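Biologist: Please take one part of this model and look at it closely. Then show me how other parts of the chain compare with the picture you build.

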Amino acid sequence: MLLELAQWLAGDVRTFNVFTYITLRTVLAAMTALAISFLIGPAMIRKLTAYKIGQSVRDDGPQTHLVKSGTPTMGGALILVSVAVTTLLWADLENRYVWICLATTLGFGAVGWVDDWRKVVHRNPKGLSARAKFFWQSVIAAVAVATLAWSAKLPAQTELLVPFFKTVAIPLGTIGFVILGYFVVVGTSNAVNLTDGLDGLAIMPTVMIAAALAVFAYVTGNAVFSKYLGFPFISGAGELAVFCAAIAGAGLAFLWFNAYPAEVFMGDVGALALGAALGTVAIVVRQEIVLFIMGGVFVVETLSVMIQVASFRLTGKRVFRMAPLHHHYELKGWKENQVVVRFWIITMMLVLFGLSTLKLR
């Protein structure tokens, strides 16, 4: 929206041409999302508290979590509002990748909203049934990935890039691309949701990964940089740097309210949406494996749940004291802040490792 206005004004005042640069709009998007979240965050938290939209806490978990019962949840709506408004303000609204990523994010957010609403308002502990939740996640992911496959113009846009190898790319074809993309979007969405169990644990890794994906988006969408670094050039992908910056800015502002002791929780409305956003961007810029690396904390958290469930069903024994993994370490004696900060540090190292694939090829 503002891009179109700047382009119109640039016809008379050339100074406004500066707003056509993705780099500037990326910075402005992060600042705008940050400002929006800071401005409307306190009011939203007060509304959630007034409507008694509070988090319920499991009795079989760490006893230190019982004091969190009743803390406002569904705060992820704050992130989605900030991201949506910021993207519409600063991104190129004629770019198909922007609309696909934004629609997928809001679609998964809607699924999470219904789930949260049934849990905290209708007092239905099951919320949206697992079958219904998975069905709608699958529909949204399949439509998004199929649209990307249909709009792909070059074979490189559907190849699986292998990091650290400049000339190694696995051709997937349309069907393979859709299948892989589906699992990336749905898997990342649920992985972030599983990780969102401690104050600030999920949002900071999301911010760091989104910022890193913004770099990949900019490189992939730039003909000069993509050629120099050995990446396939994907026209229009650079605009996703603005979208990713909006996620990073909104996420940082949300962390202000979500840091220990949290004033508000993200809820499924935020966790499912943010995971889907990261997965969709990674598919567009062809960095699914790098996303797997950078999101190592999300991956391990998900694996801990799968291992725990499989072990208990097959042997009747538990591998971890409690799953997801962050609860295991809490029950071992780590304080909540220790678990959160240490997982942040691990994510930071993994993100830097992922960024190293830009040059080490």
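Modeller: What follows starts with one helix, then moves to single residues, and ends with the whole chain.

Keep in mind that this is a predicted model. The part to look at is helix α12, which covers residues 296–315. How far apart should its ends be? The helix has 20 residues, and at 1.5 Å a residue it should span 28 Å. Its end C-alpha atoms are 27 Å apart, so the expected and the computed span agree.

Now look at what α12 hides. Its buried residues are Gly296, Val297, Phe298, Val299, Glu301, Thr302, Ser304, Gln308 and Ser311. Which helices do these buried residues pack against? They pack against α6 (173–195), α7 (203–220) and α10 (267–284). They also pack against α11 (288–294), α13 (325–331) and α14 (336–355).

Take one residue of this helix. Ser311 lies in α12. Is Ser311 buried or exposed? Its relative accessible area is 16%. Buried means under 20%, so Ser311 counts as buried. Which residues does Ser311 touch, once neighbours within four places in sequence are left aside? The contacts are Gly316, Lys317, Arg318 and Val319. One of these, Gly316, sits just after α12 and takes a positive phi of about 80°.

Go a little further along the chain. The loop between α12 and α13 holds Pro324. A cis peptide bond joins Ala323 to Pro324, with omega about 5°. There is another cis bond to find, from Tyr260 to Pro261, where omega is near -10°. Pro261 is placed in the loop between α9 and α10.

Next come two residues with a positive phi that are not glycines. Arg286 is found in the loop between α10 and α11. Its phi is about 60°, although Arg286 is not a glycine. Its relative accessibility is 0%, so Arg286 counts as buried. Met74 is found in the loop between α2 (22–50) and α3. Phi of Met74 is near 70°, again a positive value in a residue other than glycine. Met74 is buried too, with a relative accessible area of 1%.

Now step from α12 to α7, one of the helices it packs against. Val207 lies in α7. At 6% relative accessibility, Val207 counts as buried. Leaving aside neighbours within four places in sequence, Val207 is in contact with Ala248, Gly251 and Leu252. Compare that with Leu9. Val207 and Leu9 are 198 residues apart in sequence, and their C-alpha atoms are 33 Å apart in space.

Helix α3 gives a further case. It covers residues 76–90, and Ser82 has its place there. Ser82 is buried, with a relative accessible area of 0%. With neighbours within four places in sequence left aside, Ser82 touches Ala33, Ile36, Ser37 and Ala250. How far is Ser82 from Val309? The two are 227 residues apart along the chain, and their C-alpha atoms are separated by 36 Å.

A loop can hide a residue as well. Glu239 lies in the loop between α8 (223–229) and α9 (240–258). At 7% relative accessibility, Glu239 counts as buried. Its contacts, apart from neighbours within four places in sequence, are Ile22, Arg25, Ala91, Asp92, Asn95 and Val98.

Finally, zoom out. The protein chain has 14 helices and 2 strands. Of its 361 residues, 52% count as buried. The C-alpha atoms fill a box of roughly 60 × 45 × 35 Å along the principal axes. Does the chain look spread out or compact? With 361 residues, a compact globule would have a radius of gyration near 21 Å. The chain has 20 Å, which agrees.

Contacts tell you about the fold as well. Take the contacts between residues at least 6 apart in sequence: 74% of them join residues at least 24 apart.

Last, the surface and the charges. The chain exposes about 16800 Å², and carbon and sulfur atoms supply 69% of that area. There are 27 positive and 18 negative side chains. The centres of these two sets lie 6 Å apart.

Methods
Residues are numbered from 1 along each chain as its sequence is written. Side-chain values use heavy atoms; hydrogens and water are left out. Helices (H or I, at least four residues) and strands (E, at least two) are DSSP runs, numbered from the N terminus. The radius of gyration is taken over C-alpha atoms; the globule rule is 2.2 Å times the number of residues to the power 0.38. Buried means under 20% relative accessible area, exposed over 50%, partly exposed in between (1.4 Å probe, protein chains only). Contact means heavy atoms within 4.5 Å. Accessible areas come from the Shrake-Rupley method with a 1.4 Å probe; for residues, only the protein chains shown count as cover. Lys and Arg count as positive and Asp and Glu as negative; His and the chain ends are not counted. The place of a charge is taken as NZ of Lys, CZ of Arg, CG of Asp or CD of Glu. The expected span of a helix is 1.5 Å times one less than its number of residues.
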